[in-house]
Amino acid sequence: VVHPARARLNDVGARVAGRFTSPLHDERTAALLGIALGVAFGVCFLTGILSHQIQHPSGWFWWPTRPVGLYRVTQGLHVATGLASVPLLLAKLWTVYPHLWTWPPVRGAGHAIERLSLLPLVGGSLFMLVTGVQNIARWYAWDFNFTAAHYSVAWITMGALAVHIGVKLHVTRRALGAGPQPTPIDSTLSRRGFLASVAAGAAVITAATVGQTFRPFRAISVLGPRDPRVGPQGVPVNKTAAGARVLDAINDDAYRLVVDGKVSRSLSLSIEELRAMPQREVELPITCVEGWSATGRWRGVPVGELLRAAGARDGASAQVESLQARSRYRISKLNDRQVADRDTLLALELNGEPLHPDHGYPVRLIAPNRPGVLQTKWLARVTVR
Amino acid sequence: MTGPRWPVVTGVLVGAAFGAVGLLSLLNESHDTHPAVVVRWVVGLAVVHDLVLVPIVLLVGLAVHRWARRAWLAGALLVSGSVVLVAWPLVRGYGRQAGNPSVLPRNYAQGLVLVLAVIWLGALATALVLHWRTKEEDDR
(Lines give C-alpha, C1' and ligand atoms only; values in the text may rest on other atoms or scores of the structure.)
Protein backbone atom coordinates (compact mmCIF):
# COMPACT_ATOMS: atom_id res chain seq x y z
CA VAL A 1 0.00 0.00 0.00
CA VAL A 2 1.40 3.40 -0.99
CA HIS A 3 1.03 6.19 1.54
CA PRO A 4 -1.31 8.93 0.15
CA ALA A 5 1.34 11.68 0.60
CA ARG A 6 3.82 9.51 -1.28
CA ALA A 7 1.31 8.90 -4.03
CA ARG A 8 0.70 12.63 -4.34
CA LEU A 9 4.44 13.30 -4.56
CA ASN A 10 4.77 10.64 -7.27
CA ASP A 11 1.95 12.29 -9.14
CA VAL A 12 3.57 15.74 -8.95
CA GLY A 13 6.95 14.30 -9.93
CA ALA A 14 5.53 12.58 -12.96
CA ARG A 15 3.68 15.71 -13.98
CA VAL A 16 6.82 17.90 -13.70
CA ALA A 17 8.73 15.41 -15.87
CA GLY A 18 5.89 15.51 -18.40
CA ARG A 19 5.98 19.31 -18.70
CA PHE A 20 9.13 19.38 -20.83
CA THR A 21 7.42 19.15 -24.18
CA SER A 22 10.02 20.70 -26.50
CA PRO A 23 11.20 18.09 -29.01
CA LEU A 24 14.70 19.57 -28.62
CA HIS A 25 15.14 17.81 -25.28
CA ASP A 26 15.90 14.71 -27.35
CA GLU A 27 18.78 12.27 -27.67
CA ARG A 28 19.91 13.42 -31.10
CA THR A 29 20.22 17.08 -30.12
CA ALA A 30 22.03 16.06 -26.93
CA ALA A 31 24.35 13.77 -28.89
CA LEU A 32 25.29 16.42 -31.48
CA LEU A 33 25.85 19.12 -28.85
CA GLY A 34 27.72 16.63 -26.68
CA ILE A 35 30.16 15.79 -29.46
CA ALA A 36 30.80 19.47 -30.22
CA LEU A 37 31.29 20.21 -26.53
CA GLY A 38 33.54 17.19 -26.09
CA VAL A 39 35.80 18.40 -28.90
CA ALA A 40 35.85 21.95 -27.47
CA PHE A 41 36.66 20.75 -23.94
CA GLY A 42 39.33 18.45 -25.38
CA VAL A 43 41.01 21.41 -27.09
CA CYS A 44 40.74 23.49 -23.90
CA PHE A 45 42.16 20.67 -21.79
CA LEU A 46 45.13 19.89 -24.04
CA THR A 47 46.09 23.54 -24.55
CA GLY A 48 45.61 24.16 -20.83
CA ILE A 49 47.79 21.23 -19.75
CA LEU A 50 50.36 22.40 -22.31
CA SER A 51 50.40 25.89 -20.80
CA HIS A 52 50.73 24.39 -17.33
CA GLN A 53 53.67 22.23 -18.42
CA ILE A 54 55.42 25.20 -20.04
CA GLN A 55 55.18 27.03 -16.72
CA HIS A 56 55.86 24.06 -14.42
CA PRO A 57 57.71 21.57 -16.65
CA SER A 58 57.86 17.91 -15.67
CA GLY A 59 61.14 16.13 -16.35
CA TRP A 60 59.89 14.59 -19.58
CA PHE A 61 58.45 17.79 -20.98
CA TRP A 62 60.10 19.45 -23.96
CA TRP A 63 58.98 22.73 -25.47
CA PRO A 64 60.74 24.31 -28.47
CA THR A 65 61.74 27.96 -28.87
CA ARG A 66 60.42 27.91 -32.44
CA PRO A 67 58.04 28.87 -33.97
CA VAL A 68 58.20 32.00 -31.83
CA GLY A 69 54.43 32.47 -31.88
CA LEU A 70 53.37 28.88 -31.15
CA TYR A 71 52.31 29.58 -27.57
CA ARG A 72 50.41 32.59 -28.83
CA VAL A 73 48.37 30.21 -30.99
CA THR A 74 47.86 27.48 -28.38
CA GLN A 75 46.89 29.88 -25.59
CA GLY A 76 44.77 32.03 -27.90
CA LEU A 77 43.00 28.81 -28.88
CA HIS A 78 42.56 27.85 -25.22
CA VAL A 79 40.77 31.06 -24.31
CA ALA A 80 38.82 31.37 -27.57
CA THR A 81 37.60 27.75 -27.35
CA GLY A 82 36.59 28.23 -23.74
CA LEU A 83 34.59 31.34 -24.64
CA ALA A 84 32.94 29.60 -27.60
CA SER A 85 32.00 26.72 -25.25
CA VAL A 86 29.70 28.96 -23.21
CA PRO A 87 26.67 28.68 -25.54
CA LEU A 88 27.54 25.04 -26.28
CA LEU A 89 27.52 24.06 -22.60
CA LEU A 90 24.37 26.01 -21.79
CA ALA A 91 22.54 24.51 -24.78
CA LYS A 92 23.66 20.99 -23.90
CA LEU A 93 22.56 21.37 -20.28
CA TRP A 94 19.23 22.83 -21.36
CA THR A 95 18.67 19.91 -23.74
CA VAL A 96 19.19 17.29 -21.02
CA TYR A 97 17.63 19.38 -18.24
CA PRO A 98 14.40 17.28 -17.98
CA HIS A 99 16.55 14.36 -16.76
CA LEU A 100 17.26 16.39 -13.62
CA TRP A 101 13.59 15.94 -12.69
CA THR A 102 13.41 12.31 -13.68
CA TRP A 103 10.94 10.41 -11.45
CA PRO A 104 11.59 8.53 -9.23
CA PRO A 105 14.79 10.51 -8.59
CA VAL A 106 16.78 7.43 -7.70
CA ARG A 107 16.28 3.88 -8.98
CA GLY A 108 18.83 1.89 -7.04
CA ALA A 109 22.53 2.21 -6.26
CA GLY A 110 23.85 2.23 -9.84
CA HIS A 111 21.47 4.98 -10.83
CA ALA A 112 22.40 6.98 -7.73
CA ILE A 113 26.12 6.75 -8.55
CA GLU A 114 25.51 7.71 -12.17
CA ARG A 115 23.51 10.75 -11.09
CA LEU A 116 26.03 11.79 -8.45
CA SER A 117 28.85 11.61 -11.01
CA LEU A 118 27.03 14.36 -12.89
CA LEU A 119 27.75 16.88 -10.12
CA PRO A 120 31.51 17.11 -10.82
CA LEU A 121 30.73 17.06 -14.55
CA VAL A 122 28.10 19.80 -14.57
CA GLY A 123 29.47 21.84 -11.66
CA GLY A 124 33.04 21.36 -12.88
CA SER A 125 32.21 22.42 -16.45
CA LEU A 126 30.41 25.52 -15.19
CA PHE A 127 33.32 26.23 -12.84
CA MET A 128 35.84 26.03 -15.69
CA LEU A 129 33.94 28.41 -17.94
CA VAL A 130 32.82 30.84 -15.24
CA THR A 131 36.26 31.16 -13.60
CA GLY A 132 37.87 31.40 -17.05
CA VAL A 133 35.56 34.23 -18.11
CA GLN A 134 36.10 35.96 -14.76
CA ASN A 135 39.85 35.61 -15.04
CA ILE A 136 40.18 37.17 -18.48
CA ALA A 137 37.97 40.01 -17.22
CA ARG A 138 40.37 40.15 -14.21
CA TRP A 139 37.42 39.78 -11.85
CA TYR A 140 38.92 37.92 -8.91
CA ALA A 141 35.73 37.12 -7.06
CA TRP A 142 37.19 34.16 -5.15
CA ASP A 143 39.74 33.39 -2.43
CA PHE A 144 41.53 30.66 -4.33
CA ASN A 145 44.44 31.13 -6.71
CA PHE A 146 42.93 30.99 -10.19
CA THR A 147 45.57 28.89 -11.98
CA ALA A 148 45.82 26.26 -9.23
CA ALA A 149 42.04 25.86 -8.89
CA HIS A 150 41.34 26.01 -12.64
CA TYR A 151 44.03 23.36 -13.22
CA SER A 152 42.82 20.97 -10.50
CA VAL A 153 39.15 21.21 -11.42
CA ALA A 154 40.06 20.69 -15.10
CA TRP A 155 41.36 17.18 -14.33
CA ILE A 156 38.30 16.37 -12.20
CA THR A 157 35.90 17.68 -14.86
CA MET A 158 37.65 15.77 -17.65
CA GLY A 159 37.62 12.65 -15.45
CA ALA A 160 33.87 13.02 -14.96
CA LEU A 161 33.57 13.60 -18.72
CA ALA A 162 35.43 10.35 -19.44
CA VAL A 163 32.97 8.45 -17.23
CA HIS A 164 30.06 10.25 -18.89
CA ILE A 165 31.26 9.42 -22.40
CA GLY A 166 31.74 5.78 -21.40
CA VAL A 167 28.25 5.55 -19.93
CA LYS A 168 26.52 7.46 -22.74
CA LEU A 169 28.42 6.18 -25.78
CA HIS A 170 25.70 3.69 -26.71
CA VAL A 171 23.04 6.42 -26.44
CA THR A 172 25.05 8.70 -28.73
CA ARG A 173 25.54 5.92 -31.27
CA ARG A 174 21.86 5.03 -31.13
CA ALA A 175 20.82 8.67 -31.56
CA LEU A 176 23.15 9.30 -34.48
CA GLY A 177 22.50 5.91 -36.07
CA ALA A 178 18.78 6.62 -36.21
CA GLY A 179 19.42 9.51 -38.62
CA PRO A 180 17.81 12.93 -38.43
CA GLN A 181 14.17 12.84 -37.36
CA PRO A 182 12.18 15.85 -38.50
CA THR A 183 11.18 18.13 -35.61
CA PRO A 184 7.41 18.66 -35.26
CA ILE A 185 6.07 21.63 -37.17
CA ASP A 186 4.82 23.42 -34.03
CA SER A 187 8.26 23.53 -32.43
CA THR A 188 9.48 27.15 -32.12
CA LEU A 189 12.90 26.16 -33.41
CA SER A 190 13.70 23.16 -35.55
CA ARG A 191 16.67 21.11 -34.41
CA ARG A 192 18.67 22.59 -37.25
CA GLY A 193 17.58 26.07 -36.23
CA PHE A 194 18.53 25.41 -32.60
CA LEU A 195 21.97 24.04 -33.47
CA ALA A 196 22.54 26.88 -35.95
CA SER A 197 21.66 29.42 -33.23
CA VAL A 198 24.11 27.80 -30.81
CA ALA A 199 26.80 27.88 -33.50
CA ALA A 200 25.95 31.51 -34.21
CA GLY A 201 26.31 32.29 -30.50
CA ALA A 202 29.75 30.70 -30.46
CA ALA A 203 30.72 32.55 -33.65
CA VAL A 204 29.55 35.95 -32.37
CA ILE A 205 31.37 35.52 -29.05
CA THR A 206 34.53 34.49 -30.90
CA ALA A 207 34.42 37.40 -33.33
CA ALA A 208 33.69 39.85 -30.52
CA THR A 209 36.70 38.74 -28.42
CA VAL A 210 39.39 37.01 -30.50
CA GLY A 211 40.83 40.33 -31.70
CA GLN A 212 42.65 40.55 -28.38
CA THR A 213 45.17 38.15 -29.87
CA PHE A 214 44.25 37.83 -33.57
CA ARG A 215 45.00 41.28 -34.98
CA PRO A 216 42.77 41.22 -38.09
CA PHE A 217 39.77 41.08 -35.72
CA ARG A 218 40.90 43.83 -33.34
CA ALA A 219 38.55 46.43 -34.81
CA ILE A 220 35.44 44.27 -34.51
CA SER A 221 36.36 42.61 -31.18
CA VAL A 222 34.50 45.23 -29.18
CA LEU A 223 34.20 42.80 -26.26
CA GLY A 224 37.89 41.86 -26.15
CA PRO A 225 39.16 42.22 -22.56
CA ARG A 226 42.33 43.68 -24.09
CA ASP A 227 43.19 45.67 -27.17
CA PRO A 228 46.64 44.66 -28.48
CA ARG A 229 47.30 48.31 -29.41
CA VAL A 230 46.45 49.85 -26.04
CA GLY A 231 49.11 50.21 -23.36
CA PRO A 232 52.37 52.01 -22.73
CA GLN A 233 54.44 51.99 -25.95
CA GLY A 234 51.45 50.43 -27.71
CA VAL A 235 51.62 47.14 -25.80
CA PRO A 236 49.25 46.04 -22.98
CA VAL A 237 50.49 45.49 -19.44
CA ASN A 238 49.40 43.08 -16.73
CA LYS A 239 51.39 44.28 -13.73
CA THR A 240 52.43 47.92 -13.51
CA ALA A 241 55.65 49.09 -11.90
CA ALA A 242 53.63 50.89 -9.23
CA GLY A 243 51.55 47.76 -8.61
CA ALA A 244 54.71 45.69 -8.25
CA ARG A 245 56.20 48.31 -5.86
CA VAL A 246 59.46 48.58 -7.79
CA LEU A 247 59.42 52.31 -8.67
CA ASP A 248 62.10 53.24 -6.10
CA ALA A 249 64.35 50.33 -6.98
CA ILE A 250 64.27 50.90 -10.75
CA ASN A 251 65.00 54.62 -10.43
CA ASP A 252 67.89 54.12 -8.04
CA ASP A 253 71.23 55.32 -9.53
CA ALA A 254 72.92 52.42 -7.78
CA TYR A 255 70.95 49.94 -9.90
CA ARG A 256 73.11 47.09 -11.19
CA LEU A 257 72.24 43.86 -12.96
CA VAL A 258 74.18 41.07 -11.29
CA VAL A 259 75.29 37.99 -13.23
CA ASP A 260 76.63 35.21 -11.04
CA GLY A 261 76.36 31.50 -10.29
CA LYS A 262 78.42 29.09 -12.39
CA VAL A 263 80.51 31.77 -14.10
CA SER A 264 84.25 32.41 -14.21
CA ARG A 265 83.72 36.11 -13.39
CA SER A 266 80.64 37.61 -11.79
CA LEU A 267 79.36 40.78 -13.43
CA SER A 268 77.64 43.80 -12.00
CA LEU A 269 76.42 45.97 -14.84
CA SER A 270 74.94 49.46 -14.89
CA ILE A 271 72.34 50.38 -17.50
CA GLU A 272 75.06 52.20 -19.50
CA GLU A 273 77.28 49.12 -19.43
CA LEU A 274 74.38 46.98 -20.65
CA ARG A 275 73.74 49.43 -23.48
CA ALA A 276 77.43 49.28 -24.45
CA MET A 277 77.24 45.52 -25.01
CA PRO A 278 76.39 44.04 -28.43
CA GLN A 279 72.65 44.59 -29.01
CA ARG A 280 70.15 42.65 -31.03
CA GLU A 281 66.71 43.70 -32.20
CA VAL A 282 63.93 41.12 -32.67
CA GLU A 283 60.21 41.12 -33.20
CA LEU A 284 58.59 38.90 -30.59
CA PRO A 285 55.09 38.59 -29.19
CA ILE A 286 54.27 39.12 -25.56
CA THR A 287 51.62 36.48 -24.92
CA CYS A 288 49.52 36.49 -21.80
CA VAL A 289 48.05 33.31 -20.34
CA GLU A 290 44.80 35.29 -20.32
CA GLY A 291 44.65 34.95 -24.09
CA TRP A 292 45.79 38.32 -25.38
CA SER A 293 48.99 38.94 -27.25
CA ALA A 294 50.83 41.81 -28.90
CA THR A 295 53.93 41.92 -31.06
CA GLY A 296 56.74 44.24 -30.04
CA ARG A 297 60.11 45.21 -31.48
CA TRP A 298 62.51 44.46 -28.64
CA ARG A 299 66.15 45.48 -28.48
CA GLY A 300 68.70 44.35 -25.93
CA VAL A 301 71.52 42.00 -25.03
CA PRO A 302 71.15 38.35 -26.02
CA VAL A 303 71.29 36.26 -22.83
CA GLY A 304 73.83 33.99 -24.54
CA GLU A 305 76.17 36.99 -25.10
CA LEU A 306 75.86 38.05 -21.48
CA LEU A 307 76.68 34.55 -20.24
CA ARG A 308 79.68 34.38 -22.57
CA ALA A 309 80.91 37.70 -21.17
CA ALA A 310 80.66 36.21 -17.69
CA GLY A 311 82.57 33.11 -18.81
CA ALA A 312 79.73 30.61 -18.41
CA ARG A 313 80.23 27.21 -20.07
CA ASP A 314 78.41 26.36 -23.30
CA GLY A 315 75.09 24.67 -22.68
CA ALA A 316 74.47 26.48 -19.39
CA SER A 317 70.99 27.16 -18.13
CA ALA A 318 70.01 30.18 -16.07
CA GLN A 319 67.36 31.80 -13.96
CA VAL A 320 66.41 35.44 -13.86
CA GLU A 321 65.15 37.25 -10.80
CA SER A 322 63.08 40.39 -10.51
CA LEU A 323 63.46 43.38 -8.20
CA GLN A 324 59.94 42.60 -7.01
CA ALA A 325 59.99 41.57 -3.39
CA ARG A 326 56.92 39.37 -3.45
CA SER A 327 55.44 37.79 -6.52
CA ARG A 328 54.61 34.30 -7.66
CA TYR A 329 56.46 35.12 -10.87
CA ARG A 330 59.53 37.01 -9.62
CA ILE A 331 61.86 34.22 -10.77
CA SER A 332 61.78 32.41 -14.09
CA LYS A 333 64.00 29.73 -15.53
CA LEU A 334 65.68 29.40 -18.90
CA ASN A 335 66.82 25.97 -20.04
CA ASP A 336 69.95 25.45 -22.16
CA ARG A 337 68.07 25.76 -25.45
CA GLN A 338 66.37 28.97 -24.39
CA VAL A 339 69.69 30.44 -23.24
CA ALA A 340 71.36 29.45 -26.52
CA ASP A 341 68.59 30.98 -28.65
CA ARG A 342 69.83 34.26 -30.15
CA ASP A 343 66.39 35.80 -29.73
CA THR A 344 66.34 35.33 -25.96
CA LEU A 345 67.08 38.89 -24.90
CA LEU A 346 67.55 41.00 -21.85
CA ALA A 347 65.56 43.78 -23.44
CA LEU A 348 66.34 47.45 -22.82
CA GLU A 349 64.07 48.92 -25.50
CA LEU A 350 60.59 48.37 -26.88
CA ASN A 351 59.46 49.76 -30.21
CA GLY A 352 62.48 52.08 -30.46
CA GLU A 353 62.33 53.63 -26.97
CA PRO A 354 63.76 52.68 -23.59
CA LEU A 355 61.38 50.31 -21.82
CA HIS A 356 58.46 51.99 -20.08
CA PRO A 357 58.56 51.25 -16.31
CA ASP A 358 55.42 49.14 -16.75
CA HIS A 359 57.20 47.03 -19.37
CA GLY A 360 60.09 46.29 -17.04
CA TYR A 361 62.55 49.22 -17.12
CA PRO A 362 65.51 49.08 -16.83
CA VAL A 363 65.76 45.55 -18.22
CA ARG A 364 63.41 42.63 -18.75
CA LEU A 365 63.52 39.16 -20.20
CA ILE A 366 61.90 38.53 -23.56
CA ALA A 367 62.24 35.11 -25.16
CA PRO A 368 60.52 33.35 -28.04
CA ASN A 369 57.50 31.08 -27.56
CA ARG A 370 56.92 31.67 -23.84
CA PRO A 371 53.99 32.81 -21.68
CA GLY A 372 54.13 36.43 -20.53
CA VAL A 373 54.33 35.50 -16.85
CA LEU A 374 57.72 33.97 -17.59
CA GLN A 375 58.98 37.12 -19.37
CA THR A 376 60.21 38.52 -16.06
CA LYS A 377 60.34 42.31 -15.70
CA TRP A 378 62.58 44.66 -13.66
CA LEU A 379 65.49 42.22 -13.59
CA ALA A 380 67.96 42.34 -10.71
CA ARG A 381 69.95 39.15 -11.18
CA VAL A 382 70.84 36.41 -13.63
CA THR A 383 72.06 33.21 -12.00
CA VAL A 384 73.89 30.76 -14.25
CA ARG A 385 73.48 27.03 -13.58
CA MET B 1 21.78 0.35 -18.89
CA THR B 2 22.33 -1.34 -22.22
CA GLY B 3 25.17 -1.36 -24.71
CA PRO B 4 28.62 -2.93 -24.52
CA ARG B 5 30.55 -2.82 -21.26
CA TRP B 6 33.99 -1.78 -22.56
CA PRO B 7 33.18 1.94 -23.00
CA VAL B 8 31.90 2.09 -19.42
CA VAL B 9 34.94 0.28 -18.02
CA THR B 10 37.35 2.44 -20.03
CA GLY B 11 35.51 5.61 -19.06
CA VAL B 12 35.51 4.74 -15.37
CA LEU B 13 39.22 3.82 -15.40
CA VAL B 14 40.28 6.97 -17.25
CA GLY B 15 37.87 9.03 -15.16
CA ALA B 16 39.21 7.64 -11.90
CA ALA B 17 42.81 8.36 -12.96
CA PHE B 18 42.03 11.92 -14.07
CA GLY B 19 39.88 12.54 -11.01
CA ALA B 20 42.72 11.33 -8.77
CA VAL B 21 45.19 13.72 -10.45
CA GLY B 22 42.73 16.59 -9.95
CA LEU B 23 41.91 15.73 -6.35
CA LEU B 24 45.57 15.29 -5.41
CA SER B 25 46.42 18.62 -7.01
CA LEU B 26 43.47 20.25 -5.24
CA LEU B 27 44.55 18.86 -1.85
CA ASN B 28 48.34 19.11 -2.22
CA GLU B 29 48.13 22.75 -3.22
CA SER B 30 45.42 23.54 -0.70
CA HIS B 31 47.14 26.79 0.36
CA ASP B 32 46.48 27.97 -3.22
CA THR B 33 43.34 26.07 -4.17
CA HIS B 34 41.33 26.45 -0.92
CA PRO B 35 39.44 23.18 -1.61
CA ALA B 36 36.42 24.13 0.51
CA VAL B 37 35.95 27.34 -1.48
CA VAL B 38 36.35 25.47 -4.78
CA VAL B 39 33.76 22.87 -3.74
CA ARG B 40 31.39 25.66 -2.72
CA TRP B 41 31.77 27.26 -6.16
CA VAL B 42 31.38 23.97 -8.06
CA VAL B 43 28.21 23.02 -6.17
CA GLY B 44 26.94 26.61 -6.04
CA LEU B 45 27.29 27.11 -9.78
CA ALA B 46 25.46 23.84 -10.48
CA VAL B 47 22.64 24.85 -8.13
CA VAL B 48 22.35 28.39 -9.52
CA HIS B 49 22.40 27.05 -13.06
CA ASP B 50 19.77 24.37 -12.40
CA LEU B 51 17.44 26.34 -10.15
CA VAL B 52 17.79 29.91 -11.42
CA LEU B 53 19.27 30.21 -14.90
CA VAL B 54 17.49 27.32 -16.60
CA PRO B 55 14.06 28.11 -15.11
CA ILE B 56 14.40 31.68 -16.45
CA VAL B 57 15.34 30.32 -19.88
CA LEU B 58 12.42 27.86 -19.75
CA LEU B 59 9.96 30.62 -18.89
CA VAL B 60 11.22 32.81 -21.72
CA GLY B 61 11.06 29.81 -24.05
CA LEU B 62 7.52 29.07 -22.94
CA ALA B 63 6.44 32.68 -23.48
CA VAL B 64 7.93 32.73 -26.99
CA HIS B 65 6.35 29.37 -27.80
CA ARG B 66 2.93 30.53 -26.59
CA TRP B 67 2.71 34.09 -27.76
CA ALA B 68 5.34 34.72 -30.43
CA ARG B 69 6.29 31.44 -32.05
CA ARG B 70 9.04 32.71 -34.34
CA ALA B 71 12.26 30.80 -34.96
CA TRP B 72 14.29 33.95 -35.58
CA LEU B 73 13.09 35.40 -32.26
CA ALA B 74 14.08 32.30 -30.30
CA GLY B 75 17.44 32.15 -32.10
CA ALA B 76 18.18 35.84 -31.49
CA LEU B 77 17.31 35.45 -27.79
CA LEU B 78 19.58 32.42 -27.48
CA VAL B 79 22.55 34.20 -29.07
CA SER B 80 21.90 37.44 -27.16
CA GLY B 81 21.69 35.62 -23.83
CA SER B 82 25.03 33.88 -24.36
CA VAL B 83 26.73 37.13 -25.36
CA VAL B 84 25.30 39.03 -22.39
CA LEU B 85 26.57 36.38 -19.96
CA VAL B 86 30.10 36.54 -21.38
CA ALA B 87 30.11 40.35 -21.62
CA TRP B 88 28.63 41.01 -18.19
CA PRO B 89 31.89 41.16 -16.15
CA LEU B 90 33.37 43.46 -18.80
CA VAL B 91 30.37 45.78 -18.87
CA ARG B 92 30.36 45.99 -15.09
CA GLY B 93 34.13 46.55 -15.17
CA TYR B 94 34.85 44.52 -12.03
CA GLY B 95 38.45 44.06 -13.16
CA ARG B 96 39.22 47.71 -13.88
CA GLN B 97 42.49 48.75 -12.33
CA ALA B 98 43.50 52.26 -11.34
CA GLY B 99 46.84 53.08 -12.97
CA ASN B 100 46.56 50.43 -15.68
CA PRO B 101 44.38 51.67 -18.54
CA SER B 102 45.43 48.71 -20.74
CA VAL B 103 43.15 46.47 -18.64
CA LEU B 104 39.57 46.53 -20.01
CA PRO B 105 40.40 49.46 -22.31
CA ARG B 106 37.15 49.54 -24.26
CA ASN B 107 33.66 50.91 -23.63
CA TYR B 108 31.99 47.54 -23.13
CA ALA B 109 28.44 48.80 -22.60
CA GLN B 110 28.62 50.41 -26.03
CA GLY B 111 30.29 47.28 -27.42
CA LEU B 112 27.54 45.04 -26.07
CA VAL B 113 24.81 47.24 -27.55
CA LEU B 114 26.61 47.12 -30.89
CA VAL B 115 26.94 43.32 -30.83
CA LEU B 116 23.28 42.94 -29.84
CA ALA B 117 22.28 45.21 -32.72
CA VAL B 118 24.27 43.03 -35.12
CA ILE B 119 22.64 39.89 -33.70
CA TRP B 120 19.09 41.21 -34.11
CA LEU B 121 19.74 42.59 -37.58
CA GLY B 122 21.26 39.25 -38.51
CA ALA B 123 18.25 37.38 -37.12
CA LEU B 124 15.82 39.59 -39.03
CA ALA B 125 17.82 39.20 -42.23
CA THR B 126 17.87 35.41 -41.79
CA ALA B 127 14.11 35.43 -41.16
CA LEU B 128 13.50 37.46 -44.35
CA VAL B 129 15.71 35.21 -46.48
CA LEU B 130 14.01 32.08 -45.14
CA HIS B 131 10.60 33.68 -45.66
CA TRP B 132 11.32 34.53 -49.32
CA ARG B 133 12.76 31.12 -49.94
CA THR B 134 9.69 29.30 -48.64
CA LYS B 135 7.49 31.71 -50.59
CA GLU B 136 9.38 30.92 -53.80
CA GLU B 137 8.97 27.22 -53.12
CA ASP B 138 5.26 27.72 -52.45
CA ASP B 139 4.83 29.72 -55.67
CA ARG B 140 6.47 27.04 -57.75
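**Reading a predicted chain: a dialogue**

Guide: We may begin with a single residue: A:Thr65 is buried, having a relative accessible area of 12%. The model before us is predicted.

Visitor: What does "buried" require in the case of A:Thr65?

Guide: A residue is called buried when its relative accessible area is under 20%. A:Thr65, at 12%, therefore falls in that class.

Visitor: Where in chain A does A:Thr65 lie?

Guide: A:Thr65 belongs to the loop between H2 and helix H3, the latter covering residues 70-96.

Visitor: Which residues does A:Thr65 touch, leaving aside those up to four places away in sequence?

Guide: Contact is a matter of heavy atoms within 4.5 Å. On that basis A:Thr65 touches A:Arg337, A:Gln338, A:Asp341, A:Pro368 and A:Asn369. A separation along the chain can also be set beside a separation in space: A:Thr65 and A:Ala175 are 110 residues apart along the chain, and their C-alpha atoms are separated by 45 Å.

Visitor: A:Asn369 is among those partners. What is its phi angle, and where is the residue placed?

Guide: A:Asn369 has a positive phi of about 55° although it is not a glycine. Its place is the loop between strand S9 (364-366) and strand S10 (379-384) of chain A. A:Asn369 is also buried, with a relative accessible area of 2%.

Visitor: What is phi in A:Gln233?

Guide: Phi of A:Gln233 is near 60°, again a positive value in a residue other than glycine. A:Gln233 sits in the loop between helix H7 (191-209) and helix H8 (247-250), and its relative accessibility of 17% counts as buried.

Visitor: Let us turn to the peptide bonds. Which bond joins A:Arg66 and A:Pro67, cis or trans?

Guide: The angle to read is omega. The bond joining A:Arg66 and A:Pro67 is cis, with omega about -10°. A:Pro67 is placed in the loop between H2 and H3. The peptide bond from A:Trp103 to A:Pro104 is cis as well, with omega near 0°. A:Pro104 lies in the loop between H3 and helix H4 (108-116).

Visitor: How should charged side chains be read, and how many salt bridges are there over all chains?

Guide: Side chains of opposite charge can pair when their charged atoms come close. For the count, a side-chain nitrogen of Lys or Arg must be within 4 Å of a carboxyl oxygen of Asp or Glu. The count over all chains comes to 15 salt bridges. One of them pairs A:Arg174 with A:Glu27, whose closest N and O atoms are 2.4 Å apart. A:Arg174 lies in helix H6 (residues 146-177) and A:Glu27 in helix H2 (residues 27-55), so this pair ties together parts that are 147 residues apart in sequence.

Visitor: Are A:Arg174 and A:Glu27 buried, exposed or partly exposed, and which values place them there?

Guide: A:Arg174 counts as partly exposed at 44% relative accessibility, and A:Glu27 is partly exposed at 36%.

Visitor: Which residue forms a salt bridge with A:Asp227?

Guide: A:Arg229 does so, with the closest N and O atoms 2.8 Å apart. Here A:Arg229 is partly exposed, with a relative accessible area of 38%, whereas A:Asp227 counts as buried at 5%. Another pair is A:Glu321 with A:Arg330, at 3.3 Å between the closest N and O atoms. A:Glu321 is buried, with a relative accessible area of 19%. Salt bridges may also share partners: in this way A:Arg66, A:Arg280, A:Asp341 and A:Asp343 are joined into one network.

Visitor: How many positive and negative side chains does chain A have?

Guide: There are 42 positive and 25 negative side chains, and the centres of the two sets lie 9 Å apart.

Visitor: Finally, how many helices and strands are there in chain A?

Guide: Chain A has 11 helices and 10 strands. Its radius of gyration is 27 Å, well over the 21 Å that the globule rule gives for 385 residues, so chain A is more spread out than a compact globule. Its C-alpha atoms fill a box of roughly 90 × 45 × 35 Å along the principal axes. Buried residues make up 54% of the 385 residues. Of the contacts with a separation of 6 or more, 69% come from residues 24 or more positions apart. The accessible surface is about 17200 Å², and 59% of that surface belongs to carbon and sulfur atoms.

Terms used
Residues numbered from 1 in each chain as written. Chains lettered and ligands numbered in written order. Predicted model: local features only at pLDDT ≥ 70, side-chain atom pairs only at ≥ 80, totals over all residues. Heavy atoms only, no water. Helix = DSSP H or I, 4+ residues; strand = E, 2+ residues; numbered from the N terminus. Rg over C-alpha atoms; globule rule 2.2 N^0.38 Å. Buried < 20%, exposed > 50% of the residue type's maximum accessible area, 1.4 Å probe, protein only. Areas by Shrake-Rupley, 256 points an atom, 1.4 Å probe, with all protein chains shown as cover. Lys, Arg positive; Asp, Glu negative; His and termini not counted. Charge placed at Lys NZ, Arg CZ, Asp CG, Glu CD.
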